[in-house]
Structures are given as structure tokens and as C-alpha cells.
Amino acid sequence: MTLATLNLGPALEPALVSGHPWIYRNHLPRHRLNSGDWVRLEAGRAVSHGLYDAEGAIAVRLFARDAVPDTDLLRRRVREALALRAPLTERTDTDAYRLLHGEGDFLPAIVADRYGRFAAVKAYADSVTRLLPTVARELGSALGLKGVALRGADGLEPLWGELPPPEVSVTENGLRFHADLRRGQKTGLFLDQRDNRALIRELAAGRRVLNLFSYTGGFSVYALAGGAELAVSVDVADAAVREADRAVADNGLEPARHRAVAADVFDFLPQLEQRDERYDLVILDPPSLARSADQRRRAQRAYLKLNRAAFGAVAPGGLLATASCTAQVSPEAFQRLVAEAARSAGVRAQLIAERGQPRDHPVPSSFPEGRYLKFLVYRVLPA
Ligand SMILES: C[S@@+](CC[C@H](N)C(=O)[O-])C[C@H]1O[C@@H](n2cnc3c(N)ncnc32)[C@H](O)[C@@H]1O
């Protein structure tokens with residue numbers, strides 16, 4: 001079959017040359033492509049090859065300059081990604097981490113996370129589904145996994161080897177967690193906060209900790225393992241906070257030092273204020289608050305509101321660890337928002353740690369928006 005070629009016009013030459021992996025729909029000329037078709041794009045003297053999707057703002061995800069990628073190229077990309085994870089693969093205290101980070105590993109829209117002897121794959125575009133059998137086989141055989149499965153809306157489908165059990169027990173920095181690969185958020189756990197959770201373990205000794213948007217209690221377990229006096233996990237997902245209780249017990253930590261609260265944080269924070277209840281360490285890790293650039297303003301307002309209230313919930317001299325996983329809010333913009341929140345909460349805040357995503361979530365130089373995770377720790381003092 002001949003490969004369709006579309007000419008984007010010379011204005012898009014710098015975009016194609018930059019290596020940025022996306023072409024937006026409004027930049028495509030008229031065409032007769034179907035979802036999942038390979039297409040050769042030209043712009044001035046630049047050329048690239050990608051997969052077309054009929055849905056969504058991104059029309060083409062680019063994979064390779066010279067030709068449509070063959071099996072060898074795909075396998076090479078997977079092996080390059082695994083080489084970056086080699087230090088993690090060798091660790092005995094951690095067996096849950098990201099294996100493929102989509103655009104970050106030059107495999108747009110393809111994410112794969114390791115959970116012990118299994119991997120869960122997610123496809124963020126229909127077009128890439130055709131590449132998954134090759135990718136899964138390479139992952140499974142290179143790592144000696146038992147099985148690699150695709151996580152879809154209806155649970156898991158096998159891609160290679162055995163289907164994972166309903167729940168996989170994993171170790172992260174020596175702590176135990178259960179991942180529900182079928183129904184859990186993301187592919188089961190939020191693996192991108194692994195290093196930041198370790199930082200919280202270092203900072204938590206003797207503190208009363210409030211973990212807002214806790215999911216299955218990762219930060220709470222680390223805080224208690226680090227010697228926190230108490231950890232309160234708050235998440236709107238009832239099943240997640242119940243799982244947090246279980247994770248505390250599984251790690252041999254005293255259940256009495258943990259409180260699980262199923263609540264909407266936007267309702268919970270004003271109640272704390274009314275009761276004048278304060279904590280020595282508040283962790284704020286909301287879900288992504290904008291899916292597209294037009295939602296950015298709304299996200300900024302929500303960050304401002306949440307961070308203002310979170311600053312208010314920190315006892316004098318305590319810490320606020322505040323995160324943002326919204327790609328549309330840059331690290332610089334997030335710091336400005338948090339500074340504004342501190343001002344409006346009437347506190348002095350000192351930035352004492354500035355972190356982001358771990359090395360299994362890499363950011364290509366041609367894809368700066370891949371730097372989505374921000375994690376800032378402030379000491380909070382009265383005005
Ligand atoms: C980024 S995740 C938190 C990950 C977690 N810190 C961890 O380390 O695993 C965001 C969480 O916010 C929860 N959530 C979303 N909206 C919420 C709301 N309005 N109130 C409370 N929790 C909410 C989701 O259920 C999800 O567990």
C-alpha cells in the first residue's frame with residue numbers, strides 16, 4: 001500500500017524539525033486518512049512519519065523522521081527505555097515503576113508501568129493500538145515478566161503472557177502496596193510520586209500529617225514509616241481510603257496512628273478552618289485540574305483556592321508539600337500561584353525543596369510540556 005503524504009506548508013517546517021511529537025488537527029490540510037493510518041508529513045524541507053487519529057486535538061503523533069517505524073525500530077525504542085530504568089530494575093526494594101513514558105520515551109501515547117512480574121499498558125490514542133503487541137512482547141521478554149496487559153475502560157486485555165491477577169502486591173522503597181490494575185486510577189498506582197514520597201518519609205518524624213487527595217495512602221504510609229505521630233488520609237474515593245488503612249496495617253504500622261476520611265477536599269478544608277484544626281505537615285496532591293489549554297484559568301483558580309486553604313491548615317513552623325500534575329500549568333506559573341496563595345493566607349512561606357518527576361518519567365528536550373509534575377515543600381511561618 002502506498003503511504004499517504006500530506007504537505008503542511010513551509011510555516012510548519014520549524015515544528016517538524018524540532019522533533020516535537022504532535023501535529024494538531026487544525027494544521028492538517030484536507031485528507032482521506034483513517035484512524036490508525038501511517039502518514040508521511042512534509043513541511044518545507046522537513047519530513048516526519050506518524051500515526052493519524054480521527055478523534056482529539058492531536059491529529060498525528062510523530063514517531064520517526066526517515067521512514068514508518070518497523071518492528072526493529074520499535075524494539076530499539078523499548079530497549080532504550082529499559083536501559084534508562086536499569087538502576088530501578090536492579091533494586092530489590094522497588095518493583096513498581098514506569099517502563100514506557102509515551103512521548104517521554106519517543107513512543108507517543110504508549111505508557112507501560114511495571115507491577116512486580118506484570119506490566120500494565122495504556123494507550124492514550126486509538127492509532128497506537130497496532131503497535132502494542134510488538135511493544136508488549138519486547139517488554140515481557142526483556143524483563144522476564146509473567147504477563148503484559150492492556151488497561152482499557154473495561155479492565156484488562158492480555159497482550160503478552162498471562163493476565164495479571166485482580167490485585168498485585170508491589171514494593172516501593174521497601175514499603176508494600178497493592179495495585180488494582182483493572183480498576184485503579186492510572187494503571188493502578190501513582191508511580192510518579194515515588195521519589196517525593198521518599199522525601200516525605202525524611203521530613204515526617206514527630207509530625208501530625210494531613211494527606212489531602214491521598215488516593216491509596218502512599219504519602220501517609222511513608223510519613224508513618226518516617227516516624228509521623230499521626231497521618232490523616234483524605235480522598236473522595238471511598239475504596240481508595242479503605243485501601244490506605246490496609247496499606248498502613250500491611251506495613252506493620254500502628255493502625256491507631258492513621259485516620260482514613262472519605263470526603264471531598266473542597267468541602268473538608270473549610271471545615272478544618274472552622275474547627276481551627278492544624279497539622280505539622282500538609283500534603284496537597286490534587287488530580288490534574290486542566291485537560292486542555294482553555295481550562296488553564298479554571299485550574300489556576302482551583303490551585304489558588306486549595307493552596308490558600310492548605311497554608312491555613314499548617315501549624316506555625318510546619319510544612320506544606322504541594323503538588324501539581326497539570327501539564328498546562330508550568331513549574332514557574334505554579335510557584336507564582338503558590339506564592340500568591342501564601343500571601344492571601346497571611347503566612348510567610350519558605351521554599352525548602354523543589355522536586356518534579358522521577359527519572360522513569362523522562363522529558364525529551366523537544367517536548368518541554370512533558371515536565372508536568374511539580375512538587376514544592378514550604379516551611380510556613382506566621383506573618
Ligand atoms: C494525583 S492523585 C493522588 C495520588 C496520591 N497522592 C498518591 O501518592 O498515590 C489525586 C487523587 O485525588 C482524588 N480526588 C479527585 N477529586 C477529589 C476531591 N474533590 N476531593 C478529594 N479527593 C479527590 C482522586 O480520587 C485521586 O485519588
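This tour moves through a predicted model, from the whole chain to its domains, a sheet and the surroundings of a ligand.

**The whole chain**

Begin with the entire chain in a cartoon representation, which displays 10 helices and 19 strands. The radius of gyration is 22 Å, close to the 21 Å that the globule rule gives for 383 residues, so the chain is as compact as a globular protein of that length. Aligned along the principal axes, the C-alpha atoms fill a box of roughly 70 × 45 × 35 Å.

**The domains**

Next, colour the chain by its domain assignment: residues 4-64 form domain 1, residues 71-165 form domain 2, and residues 190-382 form domain 3.

**The open sheet**

Select strand 1 (4-7) and strand 2 (22-24), the edge strands of an open sheet, each of which pairs on one side only. The sheet has 5 strands in the order 1-3-4-5-2, and its pairing is mixed. From one strand to the next, the twist averages 35°.

Now restrict the view to strand 1 and strand 3 (residues 38-43). In which sense do strand 1 and strand 3 pair? Their pairing is parallel, and it extends over 4 bridges. To inspect one position in this pairing, display T5, which stands opposite R40 in strand 3.

**Where domain 2 touches domain 3**

Move on to domain 2 and domain 3, whose C-alpha centres lie 28 Å apart. Select the residues that link the two: 12 residues of domain 2 are in contact with 10 residues of domain 3. Which element gives the most to the side of domain 2 that touches domain 3? Select residues 96-101 to see strand 6, which contributes 4 residues to that side and thereby gives the most. Colouring this side of domain 2 by residue class shows 5 nonpolar, 2 polar and 5 charged residues.

**The shell around the ligand**

Finally, select the ligand and expand the selection to its surroundings, a shell of 20 residues. Show side chains for the closest of these, namely F213, Y215, G218, V236 and D285. Then highlight helix 6 (218-225) and helix 8 (265-275), the elements that give two or more residues to the shell. How does the shell divide by residue class? A class colouring separates it into 12 nonpolar, 5 polar and 3 charged residues.

Terms used: Residues are numbered from 1 along each chain as its sequence is written. This is a predicted model: local features need pLDDT of at least 70, side-chain atom pairs count only at pLDDT 80 or more; totals for chains, interfaces and linings use all residues. Domain bounds come from an automatic or database domain assignment. Two residues are in contact if their C-beta atoms, placed from the backbone, lie within 7 Å. Ala, Val, Leu, Ile, Met, Phe, Trp, Tyr, Cys and Pro count as nonpolar, Asp, Glu, Lys and Arg as charged, and the others, Gly among them, as polar. A residue is near a molecule or strand if its C-beta atom, placed from the backbone, lies within 6 Å of it. Two strands pair if DSSP finds at least two bridges between them. Axes are lines fitted to C-alpha atoms, for helices over the stretch in contact, and angles run from 0 to 180 degrees between N-to-C directions. The radius of gyration is taken over C-alpha atoms; the globule rule is 2.2 Å times the number of residues to the power 0.38.
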